[in-house]
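Subject: Structure for your review

Dear colleague,

Please find below the structure that I am handing over to you. My findings follow directly after it.

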Amino acid sequence: MSEFKVQRRAESQFHDVYGCAFRRILPWGSSEPSDTGMGVCVVAPGSVSTPHSHVDHEQFYVVRGSGVAHVDGQVVDLGPGDALVVGSGQVHYFENGSPTEEWELVSVWSMGPLGEAS
């Protein structure tokens with residue numbers, strides 16, 4: 001039988017990253033930047049994350065809540081089950097207009113483009 005890894009919620013704490021609560025899931029046991037990885041981003045009710053860009057590509061998947069994503073001056077509404085691909089160097093941030101509900105997104109990043117057919 002092969003071994004597999006599980007990371008429990010309590011094993012990775014939330015930290016403020018770009019104005020939202022961010023919990024790194026992958027790579028295992030690291031808080032430093034990485035070429036690939038996955039995390040959970042929570043935008044608090046009524047808040048806006050910090051506009052930023054980076055060299056890696058990033059995909060987001062909305063787990064719960066809804067809000068507005070801003071990418072290079074374009075705006076799109078997102079809700080549960082929606083996904084968004086942000087390319088390398090694109091300025092992006094998130095706006096949660098709900099006064100009571102958190103907006104939770106899963107983030108997956110890589111130095112290569114994601115979500116594109118080869």
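What percentage of the contacts in the protein with a separation of 6 or more is accounted for by residues 24 or more positions apart? The share is 62%. Please keep in mind that this is a predicted model.

Overall make-up

The secondary structure comes to 9 strands and 0 helices, and along the sequence the pattern accordingly reads β-β-β-β-β-β-β-β-β. The protein has 118 residues, of which 38% count as buried.

The sheet

An open sheet is formed by 6 strands, arranged in the order β1-β2-β3-β9-β4-β7 with antiparallel pairing. Its edges are taken by β1 (15-17) and β7; each has a single partner strand, so one side of each remains without a neighbour in the sheet. From one strand to the next, the twist averages 35°.

The pairing at the β7 edge can be followed residue by residue. The antiparallel strands β4 and β7 are joined by 4 bridges. Phe 60 has Leu 84 in β7 as its bridge partner, while Gln 59 has Val 85 in β7 as its partner. The two faces of β7 differ in cover: Leu 84 and Val 86 make up the covered face, whereas Ala 83 and Val 85 make up the uncovered one. The partner of Phe 60 is thus on the covered face of β7, and the partner of Gln 59 is on the uncovered face.

The nonpolar core

The largest nonpolar core contains 15 residues, and those with the most contacts inside it are Val 43, Phe 60, Leu 78, Leu 84, Phe 94, Trp 103 and Leu 105. Two or more residues each come from β2 (20-26), β3 (36-43), β4 (57-64), β5 (67-71), β7 (83-86) and β9 (103-110). The largest share, 3 residues, is given by β9. As a general point, nonpolar side chains in soluble globular proteins tend to be buried together.

Val 43 shows how this core is connected. Apart from its neighbours within four places in sequence, Val 43 is in contact with Cys 20, Phe 94, Asn 96, Glu 102, Trp 103 and Leu 105. Among these contacts, Phe 94, Trp 103 and Leu 105 also appear in the list of core residues with the most contacts.

Aromatic pairs

The count of aromatic pairs comes to 3. In one of them, the ring centres of Phe 22 and Trp 109 are 6.0 Å apart and the planes stand at 50°, so the pair is tilted. Phe 22 belongs to strand β2 and Trp 109 to strand β9, so this pair ties together parts that are 87 residues apart in sequence. Both residues, Phe 22 and Trp 109, are buried.

Phe 60 and Phe 94 form an edge-to-face pair, with 4.8 Å from centre to centre and 75° between the planes. With Phe 60 in strand β4 and Phe 94 in strand β8 (residues 92-95), the pair ties together parts 34 residues apart in sequence. Phe 60 and Phe 94 are likewise buried. Ring pairs link Phe 60, Phe 94 and Trp 103 into a cluster.

Two serines

Ser 47 is placed in the loop between β3 and β4. Its side chain reaches the backbone oxygen of Ala 44 at 2.7 Å. Not counting residues up to four places away in sequence, Ser 47 touches Phe 94, Glu 95 and Asn 96. Phe 94 and Asn 96 are also among the contacts of Val 43.

Ser 110 lies in strand β9. With a relative accessible area of 15%, Ser 110 falls under the 20% limit and is therefore buried. Leaving aside neighbours within four places in sequence, the contacts of Ser 110 are Asp 35, Thr 36, Asp 56 and His 57.

Backbone points to inspect

Two residues that are not glycines have a positive phi: Tyr 18, at about 55°, and Asp 72, at about 50°. Tyr 18 is in the loop between β1 and β2, and its relative accessible area of 40% makes it partly exposed. Asp 72 is in the loop between β5 and β6 (74-78); here the relative accessible area is 43%, and Asp 72 is partly exposed.

With kind regards

Notes:
Residues are numbered from 1 along each chain as its sequence is written. This is a predicted model: local features need pLDDT of at least 70, side-chain atom pairs count only at pLDDT 80 or more; totals for chains, interfaces and linings use all residues. Side-chain values use heavy atoms; hydrogens and water are left out. A nonpolar core is a set of buried Ala, Val, Leu, Ile, Met, Phe, Trp, Tyr and Cys residues joined through side-chain atoms within 4.5 Å. Buried means under 20% relative accessible area, exposed over 50%, partly exposed in between (1.4 Å probe, protein chains only). Contact means heavy atoms within 4.5 Å. Two strands pair if DSSP finds at least two bridges between them. Axes are lines fitted to C-alpha atoms, for helices over the stretch in contact, and angles run from 0 to 180 degrees between N-to-C directions. A polar contact is a pair of N or O atoms within 3.5 Å; within protein, one must be able to donate a hydrogen and the other to accept it, and residues adjacent in sequence count only if both atoms are side-chain atoms. Rings of Phe, Tyr and Trp (its six-membered ring) pair if their centres lie within 6.5 Å; planes under 30 degrees apart count as stacked, over 60 as edge-to-face and the rest as tilted.
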